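Please look over the sequence and the structure shown below. The paragraphs after it explain how the parts fit together.

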Amino acid sequence: MSGNSEPLSPRAKLAVTAGRAAAAVSRVAGRGSGSVIGGRVALRFDPDLLARLARHLDVVLVSATNGKTTTTRLLAEALRANGQVVSNALGANMPAGITSALAGGSEARYGVIEVDEKYLAGVARDVSPKAIALLNLSRDQLDRAAETRMLAEKWREGLAGVDAIVIANADDPLIVWAASSSPTVVWVAAGQEWKDDAWSCPSCGGVLQRPSEDWYCAECGFRRPTPTWALSGDHVVDPYGVAWPIHLQLPGRANKSNAAVSAAAAAAFGVDPKVALERMYKVQAVAGRYDVVTYQDRQLRLLLAKNPAGWLETFSLIDQPPTPVILSVNARGADGTDTSWLWDVDYTRLAGHPILVIGDRKMDLAVRLEVAGLQFMVCADLDEAVRSAPPGRIESIANYTAFQDLRRKVGN
Amino acid sequence: MNESSLRLVWVYPDLLSTYGDQGNALVVERRALQRRVPVSRVDVRSDQQIPTSGDIYLIGGGEDRPQRLAAERLRRDGGLNRAVANGAIVFSVCAGYQILGHEFVNDLGRPEPGLGLLDVVSVRGEGERCVGDVLADIDPQLGLPPLTGFENHQGVTHLGPAARPLARLRVGKGNGTGDGTEGAFNDTVFGTYMHGPVMARNPHIADLMIKLALDVNALPPVDDQWYDALRAERIAAAVQPA
């Protein structure tokens with residue numbers, strides 16, 4: 001099953017060529033990497049191209065609300081121990097972007113593919129993956145009303161007929177509900193700080209009981225499955241009870257969790273956890289996330305937090321006070337236009353940090369912080385915020401388009 | 001006023017807290033404390049009994065299935081109706097607003113009985129989801145400045161004769177009936193489709209709830225500069241969308 005054992009059909013070749021041409025035009029026109037437009041053009045020439053490209057690869061899909069881009073990178077790095085990998089490493093995670101990424105790796109043995117939550121079932125049907133890694137599900141982009149539990153339900157239905165090993169987080173009840181229709185599941189105790197989207201039993205609607213790390217429904221018996229892999233502090237514990245140290249350049253508990261799931265997924269392809277985890281150390285900034293850039297004599301760490309669960313994990317990895325924190329929130333299309341979610345984030349966790357507020361929706365943040373009883377300063381833009389902090393480290397946390405704005409501004 | 005204590009009850013955050021609904025509780029709490037009114041807040045999960053001794057009850061928004069579960073459990077519990085009979089104040093948003101009415105359409109597409117605390121009946125809208133900034137004039141009887149909020153729903157709520165519209169729309173869909181109304185109230189029971197959360201955008205509504213609960217006509221002023229800035233920005237955005 002390794003490499004291209006059979007050549008692509010003339011039609012598929014034509015589609016790949018047309019897609020590359022469109023991508024090149026897009027790049028020349030200064031419209032980004034062109035991977036999405038290239039994939040779109042290629043799919044128009046050959047609608048089955050994604051399935052055809054995937055046929056030559058051992059594919060693993062990665063999906064979640066948070067952490068899917070990073071996990072895709074970690075897992076790709078781990079699998080490189082065994083052979084070439086093709087991956088949509090830049091986060092173009094819908095069918096066009098995935099097609100484009102796969103078309104670029106004709107010599108590869110593995111395809112490590114990040115998939116947008118809404119497309120997971122469809123992509124899984126198309127590419128017949130060997131494995132699927134599922135990390136977490138929580139509220140995101142409220143105005144699109146993608147009810148989190150409904151998404152879990154769709155995954156459950158879509159994955160029921162897919163013959164893949166599913167590597168799933170046992171600590172997220174919605175993930176467990178989504179994954180447990182699959183015939184082969186490897187459960188990983190990967191943890192989850194955010195719990196407010198899973199107080200209701202996904203099966204019967206009863207109230208979930210959550211004593212310490214465990215969870216169960218007292219009404220229907222749906223409960224946390226026994227994990228075979230676990231994240232335990234700074235270690236991944238494998239099915240034999242051996243604890244392997246995690247060494248990452250990426251900060252935070254959430255990335256250790258991503259590493260644990262990646263190690264379990266890599267093991268499904270025969271990569272030893274020791275080797276897998278050692279290779280993961282290579283992964284640095286992912287699409288600018290966690291990058292530290294020098295800007296106006298300050299060291300800005302760029303942190304992306306798109307939704308309440310993401311903010312919670314981010315607060316747990318920032319430097320202690322008095323490190324200043326810049327917060328930037330937008331509410332453009334890609335962010336979701338309903339800013340109510342700001343009130344699900346516990347900003348009191350920032351007490352003691354000087355807080356500088358920017359972004360399109362800085363007034364919403366200002367009221368949020370005022371009600372949280374915090375001291376803060378509203379600034380006109382990034383430059384004013386940076387100047388208001390002493391030279392040294394600054395943590396900057398931004399949601400999706402605000403993060404892009406930030407990267408552009410600091411030349412990242 | 002120092003002797004008074006405000007008992008704030010947040011109803012079913014496990015089911016009805018999809019749209020930052022904790023915000024309304026936080027704003028009421030904060031603005032009461034700023035007036036040196038001690039607050040005791042109780043968050044009641046849907047497997048717990050609703051206390052009947054609260055002064056202000058807040059019910060938030062949620063998706064279709066949790067809404068049905070909440071209605072079933074609230075009907076079985078009966079505590080909220082008893083509290084209102086004792087004069088308690090209820091402020092409800094979106095899915096919670098529909099639950100306070102006589103009936104709404106549940107996730108199975110069937111009529112689901114509500115609590116009958118507001119003379120309204122809700123159905124599911126046929127058109128597109130209502131999403132966007134809203135601007136409306138609140139019933140003059142309540143003496144409040146204009147209502148600003150963010151709507152994000154597909155419900156249509158018809159008001160009966162015993163319910164007054166909370167506000168008249170300048171921009172937005174509100175109750176979705178096309179008659180220019182948004183929300184409803186009757187005596188001490190209030191309902192709205194507005195997110196934001198609504199009290200963060202309209203702190204005077206939080207103050208009104210506190211005044212009703214304490215039975216006072218006025219509260220000492222507090223610094224509203226950030227609320228005012230947010231209101232001005234969102235009102236401008238509603239009138240002239242980007």
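What follows goes from the chains to the domains, then to one helix and two annotated sites.

This is a predicted model, in which local features need pLDDT of at least 70, side-chain atom pairs count only at pLDDT 80 or more, and totals for chains, interfaces and linings use all residues. Residues are numbered from 1 along each chain as its sequence is written, and chains are lettered from A and ligands numbered from 1 in the order in which they are written.

Begin with the two chains. Where they meet, 24 residues of chain A are in contact with 31 residues of chain B (two residues are in contact if their C-beta atoms, placed from the backbone, lie within 7 Å). On the side of chain A that touches chain B, helix H12 (residues 362–371) of chain A gives the most, with 6 residues. Helices (H or I, at least four residues) and strands (E, at least two) are DSSP runs, numbered from the N terminus. By class, this side of chain A has 11 nonpolar, 4 polar and 9 charged residues. Here Ala, Val, Leu, Ile, Met, Phe, Trp, Tyr, Cys and Pro count as nonpolar, Asp, Glu, Lys and Arg as charged, and the others, Gly among them, as polar.

Chain A itself is assigned domain 1 (10–280) and domain 2 (292–410), with bounds that come from an automatic or database domain assignment. Taken over C-alpha atoms, the centres of domain 1 and domain 2 of chain A are separated by 28 Å. The contact takes 17 residues from domain 1 of chain A and 15 residues from domain 2 of chain A. The domain 1 side of it has 4 nonpolar, 6 polar and 7 charged residues.

Next comes helix H7 (residues 148–160) of chain A. Its buried residues are A:Arg149, A:Leu151, A:Ala152, A:Trp155 and A:Leu159. A residue is buried if 20 or more other C-beta atoms lie within 10 Å of its own, exposed if 12 or fewer, and partly exposed in between, with C-beta atoms placed from the backbone. The buried residues of H7(A) are on the same side of the helix because they cover an arc of only 155 degrees around the axis, the arc being that of the directions from the helix axis to the C-beta atoms. The face turned away from that buried side carries the exposed residues A:Glu157 and A:Ala160. The cover over the buried residues of H7(A) includes helix H2 (64–77) of chain B.

For chain A, the unreviewed UniProt entry lists A:Cys201, A:Cys204, A:Cys217 and A:Cys220 under "binding site"; such annotations may be inferred rather than shown by experiment. These residues span 20 residues in sequence, yet no two of their C-alpha atoms are more than 8.5 Å apart, so they gather at one spot. A:Cys201 is buried, with 24 C-beta neighbours inside 10 Å, whereas A:Cys217 is partly exposed, with 19 other C-beta atoms within 10 Å.

In chain B, "active site" in the unreviewed UniProt entry refers to B:Cys94 and B:His195. They span 102 residues in sequence, yet their C-alpha atoms are not more than 8.0 Å apart, so they gather at one spot. B:Cys94 is in the loop between strand S4 (89–93) and helix H4 (95–100) of chain B. B:His195 is in the loop between strand S14 (189–192) and helix H5 (198–201) of chain B. Among the contacts of B:His195 are B:Cys94 and, from chain A, A:Asp338 and A:Ser340.

Key. Lists of a residue's contacts leave out its neighbours within four places in sequence.
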